[in-house]
Amino acid sequence: MTTTAEAEAFRTLNEEWISHFFTIEESDRKTLNDPFTAIVGPGGDVLIVRDGEEIIGCVALVRSSDDVFELSKMTVLPTVRGRGIGRQLIEAAIARARELGATTLFLGSNTRLANAVHLYETTGFQHVSPDQIPLPPYARADVFMKMAL
C-alpha cells in the first residue's frame with residue numbers, strides 16, 4: 001500500500017466485511033483510519049489486489065515483534081469471492097512476510113467464518129491455543145492460528 005486511495009479502499013473493504021459479520025471495534029477503527037501509522041510505519045505492509053483499476057482485495061501484515069507478524073484484515077469484494085483471490089492473497093502475504101524478516105505468522109479468526117478458517121488451514125496455518133500467540137485485539141476472535149516460516 002503506497003497511496004491514500006489504496007488506504008481508503010483498504011478501509012472501505014474491511015468496514016464492509018467486518019460490519020457484515022460482526023461489529024467494528026475501536027482497534028479496527030484505529031488501524032483502518034490510519035494504516036500508514038498503524039501498519040506500514042512500524043514495518044508491516046498492506047497488500048492490494050486489483051482487477052484493472054479496481055481494488056478488489058487486501059490483506060495486512062502487522063509487525064508484532066522483529067520476526068513475528070499478524071496476518072490481518074484480509075478481505076475480498078463480495079462479488080469476486082470464491083475465485084481463489086483469498087488464497088492468492090495469503091500466498092503473497094506469506095512471501096512478503098518472509099521478505100520483511102518474519103519467522104512466524106499468526107492470526108485470529110472466528111468459527112462463523114468456516115470458509116476462511118479452512119483456507120488458513122489449507123495454506124499451512126495450524127490451530128493453537130490463544131496463549132501461544134500475541135493475541136489479536138479483537139473480541140470476535142475465537143480461532144487462533146500460527147505458521148512457522
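Read from the N terminus, the chain runs α-α-α-β-β-β-α-β-α-β-β, where helices (H or I, at least four residues) and strands (E, at least two) are DSSP runs. In total there are five helices and six strands. The chain is as compact as a globular protein of its 149 residues, because its radius of gyration is 14 Å, close to the 15 Å of the globule rule; the radius is taken over C-alpha atoms, and the rule is 2.2 Å times the number of residues to the power 0.38.

This is a predicted model, in which local features need pLDDT of at least 70 and side-chain atom pairs count only at pLDDT 80 or more, while totals for chains, interfaces and linings use all residues. Residues are numbered from 1 along each chain as its sequence is written, and side-chain values use heavy atoms, with hydrogens and water left out.

Buried residues account for 47% of the chain, buried meaning under 20% relative accessible area with a 1.4 Å probe, protein chains only. A nonpolar core is a set of buried Ala, Val, Leu, Ile, Met, Phe, Trp, Tyr and Cys residues joined through side-chain atoms within 4.5 Å.

| Core | Residues | Members include |
|---|---|---|
| Largest | 44 residues | F10, L61, L71, I90, Y120, F125 |
| Second, separate | six residues | V68, V128, I133, F144 |

In the largest core, the six residues named touch the most other members. Strand β2 supplies the largest share of this core, seven residues. Leaving aside residues up to four places away in sequence, F10 touches M1, L32, P35, I39, V46, C58, A60 and K73, a contact being heavy atoms within 4.5 Å.

Technical notes: Buried < 20%, exposed > 50% of the residue type's maximum accessible area, 1.4 Å probe, protein only.
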